[in-house]
Amino acid sequence: MDQQSFLFQSLVYLTAAVILVPLVKKAGLGSVLGYIIAGIVIGPAILNLAGDRSTDIMHVAEFGVVIMLFIIGLELEPELLWKLRKSIVGLGGLQVLITVIVIAGITAALGFTWQQSLATGMILAPSSTAIVLQTLQEKGLMKSEAGQSSFAVLLFQDIAVIPMLSILPLLSTLSASQANHETEGSFIAQQPGWLQTLIVLGAVGGIVLAGRYLVKPLLRLVAGARIREIFTATALLLVIGITVLMSLVGLSPALGTFLGGVVLANSEYRHELESDIEPFKGLLLGLFFIAVGASINFNLIASEPLQLALVLFALLLVKGIILWFLGKSFKLSTDQNALFSLGLCQTGEFAFVLLSYSRQEKIIPDSSADMILAAVALSMALTPLLFILNEKIIQPKFGTLEKNDKAADIIDEKNPVIIAGFGHFGNTVGRFLKAHGIGTTILDIDSDRVDFLRKMGFKVYYGDASRYDLLHAAGAEQASIILVTISDAEKRLEMIETIKKHFPNLQIMVRAANRNDAYDQMNAGMLNIYRETLDSSLRMGVDTMKKLGFRAYTAQRAAITFRKYDEWSLKKLSSIRDQKLYINTSREFIEEMEKIIQNDNRMPNLSVDKGWEEEGLIQDAKQEDQ
């Protein structure tokens with residue numbers, strides 16, 4: 001088979017990832033570094049199996065960054081984005097501006113022209129959105145102060161790439177005729193400046209309006225069909241459609257998809273979209289990191305190791321110092337500032353794009369471009385090691401872990417409960433918890449019910465709650481309790497196994513339709529089982545006794561006694577498989593229960609207690625309200 005064929009290259013990349021990433025992750029170095037090492041192994045430095053298609057694969061894999069920004073947008077509600085506006089514009093804006101100026105000044109002092117210096121500053125200013133956010137998410141640091149500040153800076157950097165791409169042609173050393181030849185195929189580039197601005201604003205506005213008024217009805221229609229692969233296809237269609245639109249108008253696809261995600265952040269389909277796209281994001285980001293590792297020019301490293309090491313060290317030091325002082329200015333604590341500075345001091349994936357434009361416009365000579373490219377790739381490869389340095393040395397000294405755990409506890413308290421299934425049973429429990437101010441994340445697979453409940457004021461998310469990825473997206477790792485109230489008995493058992501396997505710390509409270517259903521759940525290891533027919537049946541029995549003249553206290557006490565004995569007998573009967581033995585044991589339990597209740601009713605101390613009477617309870621409640 002041709003080693004340059006797509007199938008062979010796919011085999012090489014996937015084999016390297018499957019073998020090396022788990023080994024590196026097991027060593028505690030993180031999956032990102034594992035992918036980069038896999039790229040180095042299959043690259044020209046060692047096995048030389050990456051072939052000439054590594055650049056093509058890099059372009060495909062960059063789509064993983066686009067998907068990642070879409071998912072991040074889904075997780076950010078517009079209110080939170082507005083809350084971070086000072087960090088995004090202030091911290092992010094200052095980081096980009098100061099870094100560009102400082103790096104441009106240093107390179108100008110080394111003999112670069114002002115055009116080359118400014119272009120180099122813009123190339124090296126952004127950090128790696130893919131590596132930093134992936135690592136922060138893996139380590140559970142996204143909600144920390146450093147995580148939020150890092151996100152704000154990365155978001156502004158992605159936005160800043162747009163004007164950078166517009167400035168680079170102005171720095172070009174090409175002649176006017178050459179420049180016109182380079183852009184004559186672009187429809188947007190041939191339009192007047194004012195029209196280009198209108199087209200850009202129209203594209204952004206179109207994404208917002210389509211997200212609000214077209215995409216949600218489309219998702220509702222697709223969800224109603226209950227064909228999972230079509231919903232997945234729709235999710236990919238959204239991302240690819242936004243990417244194509246933003247590319248046509250010359251904007252960053254990552255920014256466009258992020259905006260699309262934010263628009264859909266309050267949608268009931270948010271978790272389902274996230275869980276369907278997540279596997280594509282992970283795979284494509286993995287390919288991206290492998291391509292980064294394969295692109296490292298080890299021939300240049302071998303020929304000029306000291307110069308490259310000096311450039312790399314200077315890059316990390318300069319960006320780290322700038323980030324440190326900005327973090328201090330924005331009141332980050334020492335431990336959080338260390339994480340913030342070390343996490344963002346590398347250069348990111350947009351450097352490859354900006355460097356490619358700079359070469360195309362003949363701004364930076366090839367020799368300098370090769371050195372910058374190698375420094376960028378190595379800085380990205382070192383980032384996971386810098387996070388490990390923070391964990392092993394800085395965290396123990398300054399107590400970062402303790403503070404991050406504390407922040408996570410606050411988040412847990414906000415959403416301690418997940419309700420899987422919001423039909424009649426789950427709806428009752430959900431309304432009861434809501435009345436007491438207990439935060440819940442509600443999942444339901446019935447799209448029509450989801451739409452109706454949202455109109456009623458409930459924040460319900462569409463999705464199959466038996467899926468691990470959806471439970472993970474809904475915050476099962478941070479939640480305390482999950483209420484399994486879906487109506488499908490088989491799905492309930494499937495959910496129990498999934499939760500026990502992937503979220504062992506999550507307490508499970510499960511609905512059961514009847515005794516047989518409860519037996520299956522008990523054999524699956526469940527203790528907190530709630531039979532939907534038991535309470536209503538006992539309540540009917542209590543009301544019947546009261547209408548026949550029994551005292552309310554007597555009827556309620558009988559119901560409590562019956563419930564306790566019934567639950568005890570349920571545990572005993574669940575382990576009996578022989579039908580004849582089951583029938584005989586059940587008859588014994590029934591006779592014993594009748595004797596217990598009858599003896600209890602004959603006790604002389606069961607006098608009238610008006611606290612048990614319905615009218616007395618209502619009167620007490622009214623007095624408390626007054």
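## Loops with positive phi

In this predicted model, the loop between helix 2 (31-42) and helix 3 (54-61) contains Asn48. The phi angle of Asn48 is near 55°, a positive value in a residue other than glycine. Asn48 counts as partly exposed because its relative accessibility is 48%.

A second loop, between helix 16 (305-329) and helix 17 (334-344), holds Lys331. Lys331 is likewise a residue other than glycine with a positive phi, in this case near 65°. With a relative accessible area of 71%, Lys331 is exposed.

## Overall composition

The protein contains 29 helices and six strands. Of its 626 residues, 47% are buried. The accessible surface comes to about 31600 Å², and carbon and sulfur atoms account for 61% of that area.

Contacts were also classified by separation along the chain. Among those between residues at least 6 apart in sequence, 74% join residues at least 24 apart.

## Strand 5 and the surroundings of Arg511

Arg511 belongs to strand 5 (residues 507-512). Is this residue, Arg511, buried or exposed? Its relative accessible area is 12%, and the cut-off for burial is under 20%, so Arg511 counts as buried.

Neighbours within four places in sequence aside, Arg511 is in contact with Phe425, Val484, Thr485, Ile486, Ser487, Arg492, Asp517, Gln521, Tyr530 and Glu532. The C-alpha atom of Arg511 is also separated by 7.8 Å from that of Leu483, a residue 28 positions away along the chain.

## Helix 1 and Leu23

Leu23 is located in helix 1 (residues 6-26). At 55% relative accessibility, Leu23 counts as exposed, whereas Arg511 is buried. The C-alpha atoms of Leu23 and Gly34 are 7.7 Å apart, and eleven residues separate the two positions along the chain.

## An enclosed helix

How many of the eleven residues of helix 13 (residues 253-263) are buried? Nine of them are, so helix 13 is largely enclosed by the rest of the structure. The buried residues of helix 13 are Ala254, Leu255, Gly256, Thr257, Phe258, Gly260, Gly261, Val262 and Val263.

An α-helix has 3.6 residues a turn, so residues three or four places apart point the same way. In helix 13, the buried residues include the consecutive run Ala254, Leu255, Gly256, Thr257 and Phe258.

## Surface patches

A nonpolar patch on the surface is formed by Leu94, Leu97, Ile98, Ile101, Val102, Ile106, Leu110 and Phe330. Together these residues have about 680 Å² of accessible area. One member, Ile101, lies in helix 6 (residues 85-109). Ile101 has a relative accessible area of 53% and is therefore exposed, the cut-off being over 50%.

A negative surface patch is made up of Glu588, Glu591, Glu592 and Glu594. Within this group, Glu594 is placed in helix 28 (residues 579-601). The relative accessible area of Glu594 is 45%, so Glu594 is classed as partly exposed. Membership of a patch requires over 30% relative accessible area, so the value of 45% for Glu594 satisfies that condition.

Technical notes. Residues are numbered from 1 along each chain as its sequence is written. This is a predicted model: local features need pLDDT of at least 70, side-chain atom pairs count only at pLDDT 80 or more; totals for chains, interfaces and linings use all residues. Side-chain values use heavy atoms; hydrogens and water are left out. Patches are made of residues with over 30% relative accessible area and no salt bridge: like charges are joined within 9 Å, nonpolar side chains (Val, Leu, Ile, Met, Phe, Trp, Tyr) within 5 Å. Accessible areas come from the Shrake-Rupley method with a 1.4 Å probe; for residues, only the protein chains shown count as cover. A salt bridge is a side-chain nitrogen of Lys or Arg within 4 Å of a carboxyl oxygen of Asp or Glu. Lys and Arg count as positive and Asp and Glu as negative; His and the chain ends are not counted. The place of a charge is taken as NZ of Lys, CZ of Arg, CG of Asp or CD of Glu. Helices (H or I, at least four residues) and strands (E, at least two) are DSSP runs, numbered from the N terminus. Buried means under 20% relative accessible area, exposed over 50%, partly exposed in between (1.4 Å probe, protein chains only). Contact means heavy atoms within 4.5 Å.
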